[in-house]
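Here is a friendly briefing to read alongside the structure. Have the sequence and the 3D view open, and follow the topics in whatever order suits you.

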Amino acid sequence: MKKLCIILFLLASQFGAAQNGGDRSESVFKPGEWLKFRMHYGILNASYATLHVKTDVIDDVPVYHVVGKGKTTGWASIFFKVDDTYESYFGQEDGRPYKFIRKISEGGYTKDIEINFDHEKDLAILNDKKNKKKLNFDLQDSIQDLISAFYYLRNNYKPEDLVVGEAVNLKMLYDDDGVFDFKLKYLGTEIVKTKFGKVECYKFRPLVQSGRVFKEQESLSLWVSSDNNRIPIRIKADLAVGAIKADLDAYNGLKHQFKIIMD
């Protein structure tokens, strides 16, 4: 149960930063956008996760401030309590990350990480507050943090450039392990039945390293709405023990109309 909430943020970010798009004159999302996801672990309604877009200023640069929260609920919280917060500050004009915060509490396991991105020096400074250590990492082209990655791609990718069966690479600075490489395979479009109705989606398969959490390399699937909002609709993951599914449960403040297919 340890990774229930982090899976949503990880998969969303793996969808992000997959292509090196240029700046857009207009964002596909807006301040006030709020997404809520309900996660199931087997028959349990295991947890909820939310993503909320706000605005702020860092070093005179207008930024988006996205706050992601995840908590276990009900019976799941009795067996394994999760209370996670992720925050990302990234440029409104270019999507470059300026600050990333990760505070997690998962069954007694805690982390308190802050990453500051210095684009003038091409340097990222990671501050592990719990263990009182700092690490420096060289910035690489189009590198994103866990949260900013998703919003970056929403503004930059072109659906017409997606090719079924092809995988794209992405780089992400996430934790004190440094820069990670991921691949994301596009599988085509599918109609997904949701509580809101049927939604046309792009389907992706993040290729992840098998091990403690995931059952095998291709154990994850991600569906993203094909409308102009480009929001996650469903996530499925086969774990080493059991499986988890996350569905969009509520939304507010979308910039574009959420397209539902009428029968």
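A residue is called buried when its relative accessible area is under 20%, exposed when that area is over 50%, and partly exposed in between. Keep in mind that this is a predicted model. With that cut-off in hand, helix H3 (residues 148-156) is a good place to begin: nine of its nine residues are buried, so the helix is largely enclosed by the rest of the structure.

**Helix H3 and what it touches**

- The buried residues of H3 are Ser148, Ala149, Phe150, Tyr151, Tyr152, Leu153, Arg154, Asn155 and Asn156.
- Arg154 has a relative accessibility of 0%, so this residue counts as buried.
- Arg154 makes a salt bridge with Glu33, and their closest N and O atoms are 2.8 Å apart.
- Glu33 sits in the loop between helix H1 (4-15) and strand E1 (34-41), while Arg154 belongs to helix H3, so this salt bridge ties together parts that are 121 residues apart in sequence.
- Glu33 is buried as well, because its relative accessible area is 0%.
- Two residues of H3, Phe150 and Tyr151, also take part in an aromatic cluster with Phe29, Tyr64 and Phe90.

**Other salt bridges**

- How many salt bridges does a search of the whole structure find? The count is eight.
- One of them joins the side chains of Lys129 and Glu114, at 3.2 Å from N to O.
- This pair links distant parts of the chain, with Lys129 in the loop between E7 and E8 and Glu114 in strand E6 (residues 109-118), 15 residues apart.
- Lys129 is partly exposed at 36% relative accessibility, whereas Glu114 is buried with a relative accessible area of 15%.
- Another salt bridge is formed by Asp247 and Arg234, whose closest N and O atoms are 2.5 Å apart.
- Here the linked parts are strand E14, which holds Asp247, and strand E13 (residues 232-238), which holds Arg234; the two residues are 13 apart in the chain.
- Asp247 is buried, with a relative accessible area of 16%, and Arg234 also counts as buried at 16% relative accessibility.
- Arg38, Lys195 and Asp249 are joined into one network by salt bridges that share partners.

**Aromatic pairs around Phe196**

- A pair of aromatic rings is described by the distance of the centres and the angle of the planes.
- The structure has twelve aromatic pairs.
- Among them is Phe196 with Tyr251: the ring centres are 5.2 Å apart and the planes stand at 65 degrees, so the pair is edge-to-face.
- Phe196 lies in the loop between strand E10 (178-194) and strand E11 (197-207) and Tyr251 in strand E14 (residues 243-252), so the pair ties together parts that are 55 residues apart in sequence.
- Phe196 is partly exposed at 27% relative accessibility, and Tyr251 is partly exposed at 33%.
- Phe196 also pairs edge-to-face with Phe258, at 5.9 Å centre to centre and 70 degrees between the planes.
- That second pair links distant parts of the chain as well: Phe196 is in the loop between E10 and E11, and Phe258 is in the segment after E14, 62 residues apart.
- Is Phe258 buried or exposed? At 9% relative accessibility, Phe258 counts as buried.

**A contact from strand E11**

- Lys198 lies in strand E11 and is partly exposed at 27% relative accessibility.
- The C-alpha atoms of Lys198 and Met262 are separated by 7.4 Å, although the two residues are 64 apart along the chain.

**Surface charge and loops**

- Lys54, Lys69, Lys71 and Lys81 gather in a patch of positive charge on the surface.
- Of this patch, Lys81 is found in the loop between helix H2 (74-79) and strand E4 (82-91), and Lys81 is exposed with a relative accessible area of 58%.
- Asp59 has a phi near 50 degrees, a positive value in a residue other than glycine.
- Asp59 lies in the loop between strand E2 (44-58) and strand E3 (61-72), and is exposed with a relative accessible area of 69%.
- Lys132 likewise has a positive phi, near 55 degrees, and is not a glycine.
- Lys132 is placed in the loop between strand E7 (123-128) and strand E8 (133-138), where Lys132 is exposed with a relative accessible area of 76%.

Definitions and conventions
Residues numbered from 1 in each chain as written. Predicted model: local features only at pLDDT ≥ 70, side-chain atom pairs only at ≥ 80, totals over all residues. Heavy atoms only, no water. Patch = residues over 30% accessible without salt bridge, like charges linked within 9 Å, V, L, I, M, F, W, Y side chains within 5 Å. Areas by Shrake-Rupley, 256 points an atom, 1.4 Å probe, with all protein chains shown as cover. Salt bridge = Lys/Arg side-chain N within 4 Å of Asp/Glu carboxyl O. Lys, Arg positive; Asp, Glu negative; His and termini not counted. Charge placed at Lys NZ, Arg CZ, Asp CG, Glu CD. Helix = DSSP H or I, 4+ residues; strand = E, 2+ residues; numbered from the N terminus. Buried < 20%, exposed > 50% of the residue type's maximum accessible area, 1.4 Å probe, protein only. Phe/Tyr/Trp six-rings, centres within 6.5 Å; stacked < 30°, edge-to-face > 60°.
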